[in-house]
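Okay, thanks for having me. I'd like to walk you through a structure that may be new to you, so let's get it up on the screen.

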Amino acid sequence: MQATARAHTNIALIKYWGKRDETRILPMNNSLSLTLDGFYTTTTVAFHEELTEDQFYLDDQLVEGAAYGKVTAFLDRIRQTAGRLDLSATVHSTNHVPTAAGFASSASGFAALAAASAKAIGLDVTDPELSMLTRHGSGSACRSIYGGFVEWEKGTQADGSDSYAVPIAPADHWDVRVAAVVLSSAEKKILSREGMKRTVDTSVYYPAWVESIPADLAAIKQGICDKDITKVGETAEANCLRMHATTLAAQPPFSYWHSTTMAVMEAVQDLRDSGVPAYFTIDAGPNVKVLYLPEQEETIREKLQAIPGVQDVTVSRPGPGLAYL
Ligand code: 2P0
């Protein structure tokens, strides 16, 4: 009863921001992401009858506390679905997502855990079913089931049975690049789970955010289909700024940006002013991701690395979906 799976991280171009159900991890809005080849998690799960509790090792270190709690809670769901509450698991995860890259490893982590644990326990699930299981670990992880461009359908059912990811275009559809720009002091103060809850509960801009999503989705899907960097970039950047605007209108207000975050945003604007198509997006933290085409690689790297306060620039291409090893 053992299986190994690998899943890649994803970057949202249309952001998931706000839940309509915190227990079932059901979002207020559809989101759309690009899976990235540079960052992934490999996880092996083995179920045993003789074990009395789960054990979780991350990069060969035994994990306890809150991170362990999230993993066992997720395994409980898998056990329940399979009708095998008698089993406990050993989980070995290896993260190829350098913390310094500024990507959350939870997306690749929970996608790999869901796939490996479902297979190890003998659950015969379709991709949408696996995406729904993954969603319970972390919302954005449900998009990492697939490679390339992926949409998470928010669904309309109260039980979450129609809230899962669907593939929009495969990784080889279009060679766009994403540079992860890491800032030197990038400590995140408000977790995304907490930040999105405060925003839903208190931000006077939140209803406008939800209302703006269908037009963004339509525009970006057309842009992806046409391989139109201007349309995709402008839509993603505007969507990101609108998400961050909701935090400024929350009570108490907050922002994920640092001064260097804004310096990177200005550098991207400078690049565009000089005729280079480059666009930024920012998640629930200070690091910036920059979207551009392969022919601009050198120009982009040079410009971003020269910004004071930038520690590292790591480039990714569109990446693959789940793999069983
Ligand atoms: C996203 N983020 O679409 C958005 C953009 C952050 C900003 O998904 O509570 O770690 O586990 O469902 O998935 C981060 O939130 O939150 C996130 P939970 P998750 O990528």
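**A core and two helices**

Let's start at one residue, V290. If we leave aside its neighbours within four places in sequence, V290 is in contact with A179, V181, V268, A278, F280, I300 and L304.

Before going further, keep in mind that this is a predicted model. The protein averages a pLDDT of 96, and 98% of the residues score at least 70. As for the overall scores, the ipTM is 0.98 and the pTM is 0.97.

Now, back to V290, and to the bigger picture around that residue. The largest nonpolar core has 88 residues, and V290 is among those that touch the most other members, along with L13, A111, A115, V181 and L304. Which helix gives this core its largest share? That's α2, residues 106-120, with 10 residues. And the core draws at least three residues from each of domain 1, which is 2-173, and domain 2, which is 177-316.

Okay, on to the helices. Take α1, residues 66-82. Here's a little sanity check: with 17 residues at 1.5 Å a residue, α1 should span 24 Å, and its end C-alpha atoms are 25 Å apart, so that agrees.

Which residues of α1 are buried? They're V71, F74, L75, I78 and R79. Looking down the axis of α1, those buried residues fall within an arc of 145°, so they line one face of the helix. Why does that kind of spacing work? An α-helix has 3.6 residues a turn, so residues three or four places apart point the same way.

On the other side of α1 you'll find A66, G69, A73, D76 and Q80, and those are exposed. And what covers the buried residues? The cover includes strands β5 (55-58) and β7 (88-96), plus our friend α2 from the core. Right after α1 comes G83, with a positive phi, near 70°.

Let's do one more helix, α4, residues 192-202. The buried residues here are G195, M196, T199 and V200. Down the axis of α4, they fall within an arc of 130°, so again they line one face of the helix. Turned away from that buried side are E194 and D201, which are exposed. As for partners, the buried residues of α4 pack against β2 (19-21), α5 (206-226) and α6 (229-248).

So if you rotate the model yourself, try starting from V290 and its contacts, such as V181 and L304, then look for the buried face of α1 and the buried face of α4. That's it from me, thanks!

Definitions and conventions: Residues are numbered from 1 along each chain as its sequence is written. This is a predicted model: local features need pLDDT of at least 70, side-chain atom pairs count only at pLDDT 80 or more; totals for chains, interfaces and linings use all residues. pLDDT is the predictor's confidence in each residue, from 0 to 100. A nonpolar core is a set of buried Ala, Val, Leu, Ile, Met, Phe, Trp, Tyr and Cys residues joined through C-beta atoms within 7 Å. A residue is buried if 20 or more other C-beta atoms lie within 10 Å of its own, exposed if 12 or fewer, and partly exposed in between; C-beta atoms are placed from the backbone. Helices (H or I, at least four residues) and strands (E, at least two) are DSSP runs, numbered from the N terminus. Domain bounds come from an automatic or database domain assignment. Two residues are in contact if their C-beta atoms, placed from the backbone, lie within 7 Å. The expected span of a helix is 1.5 Å times one less than its number of residues. The arc is that of the directions from the helix axis to the C-beta atoms.
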